[in-house]
Amino acid sequence: MVTSQHPITVYIKRVKETTLMQLSEINPVLSESLGWDTESAQDEEMVTFVKRSVVYSEITLPKSEFIKMKNDEYSDEYFAEQIEPKMITDDVMKDFGDMYNEYAVFEGDIYSMTDDVMSMCDFKWEDTITNAKIQKVKFAL
């Protein structure tokens, strides 16, 4: 009989099932505190198109300016104020970025909550608008 001095450890990963909550099930106090217009969001006569796109912009600048930005205490602000406004997206770069666009269509006017829907809901992106189907807002909890 062979015995090992090294115990074998088995890890079992529990898969938690995601619960989907309809917009109508969300506590109105929470909805209001987040600034959501739930009445408009549940309007079955309206839909909201959302487009996720990739934008490629560019700029050529002296290496010294790049080094200056990197060494600046507030380099993010320096970039946002001094460099980013000068960046351009020409037609070729726009066409290249458009190859990666994706679309989702939601029932209702979700304008007041689109950012939250993008981060907290379970939905499907489509590569063309013609493939997109109207989806209900369902929060993944």
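**Exercise 1. Decide whether Phe 96 is buried, partly exposed or exposed, and find the surface feature to which Phe 96 belongs.**

Solution. In this predicted model, Phe 96 has a relative accessible area of 37%. Buried means under 20% and exposed means over 50%, with partly exposed in between, so Phe 96 counts as partly exposed. The next step is to place the residue in the fold, and Phe 96 is found in helix H5. Finally, Phe 96 joins Val 54, Tyr 56, Met 99 and Tyr 100 in making a nonpolar surface patch of about 450 Å².

**Exercise 2. Describe the secondary structure of the protein and the order in which its elements follow one another.**

Solution. Begin with the count, which comes to six helices and five strands. Then read along the sequence, where these elements follow the pattern β-α-α-β-α-α-α-β-α-β-β. To see how the chain comes together, consider the contacts with a separation of 6 or more, of which 72% are between residues 24 or more positions apart. Buried residues make up 21% of the 141 residues, while the accessible surface comes to about 11500 Å², with 53% of that area belonging to carbon and sulfur atoms.

**Exercise 3. Work out which parts of the chain are linked by the salt bridge between Arg 52 and Glu 102.**

Solution. The structure holds four salt bridges, and in the one between Arg 52 and Glu 102 the closest N and O atoms are 2.2 Å apart. Locating the partners shows Arg 52 in strand E2 and Glu 102 in strand E3, so that the pair links distant parts of the chain, 50 residues apart. Both partners can then be classified: Arg 52 is partly exposed at 39% relative accessibility, and Glu 102 is partly exposed at 24%.

**Exercise 4. For the salt bridge between Glu 107 and Lys 136, find where each partner lies and state how far apart the parts are in sequence.**

Solution. The closest N and O atoms of Glu 107 and Lys 136 are 3.0 Å apart. Because Glu 107 lies in strand E3, whereas Lys 136 lies in the loop between strand E4 (134-135) and strand E5 (138-140), the pair ties together parts that are 29 residues apart in sequence. As for exposure, Glu 107 counts as buried at 19% relative accessibility, whereas Lys 136 counts as partly exposed at 41%.

**Exercise 5. Locate Asn 101, classify its exposure, and list the residues that Asn 101 touches beyond its sequence neighbours.**

Solution. Asn 101 sits in the loop between helix H5 (91-98) and strand E3 (102-107). Its relative accessible area is 6%, so Asn 101 is buried. Leaving out residues up to four places away in sequence, Asn 101 touches Lys 51, Arg 52, Ser 53, Val 54, Glu 126 and Asp 127. One of these, Glu 126, also forms a salt bridge with Lys 124, with the closest N and O atoms 3.5 Å apart. Glu 126 is buried at 16% relative accessibility, whereas Lys 124 is exposed at 52%.

**Exercise 6. Identify the residues that gather in a patch of negative charge, and examine the setting of Glu 45.**

Solution. The patch on the surface is formed by Asp 37, Glu 39, Asp 43, Glu 44, Glu 45 and Asp 109. Of these residues, Glu 45 lies in the loop between helix H2 (38-41) and strand E2 (47-52). With a relative accessibility of 72%, Glu 45 counts as exposed, because exposed means over 50%.

Terms used. Residues numbered from 1 in each chain as written. Predicted model: local features only at pLDDT ≥ 70, side-chain atom pairs only at ≥ 80, totals over all residues. Heavy atoms only, no water. Patch = residues over 30% accessible without salt bridge, like charges linked within 9 Å, V, L, I, M, F, W, Y side chains within 5 Å. Areas by Shrake-Rupley, 256 points an atom, 1.4 Å probe, with all protein chains shown as cover. Salt bridge = Lys/Arg side-chain N within 4 Å of Asp/Glu carboxyl O. Lys, Arg positive; Asp, Glu negative; His and termini not counted. Charge placed at Lys NZ, Arg CZ, Asp CG, Glu CD. Helix = DSSP H or I, 4+ residues; strand = E, 2+ residues; numbered from the N terminus. Buried < 20%, exposed > 50% of the residue type's maximum accessible area, 1.4 Å probe, protein only. Contact = heavy atoms within 4.5 Å.
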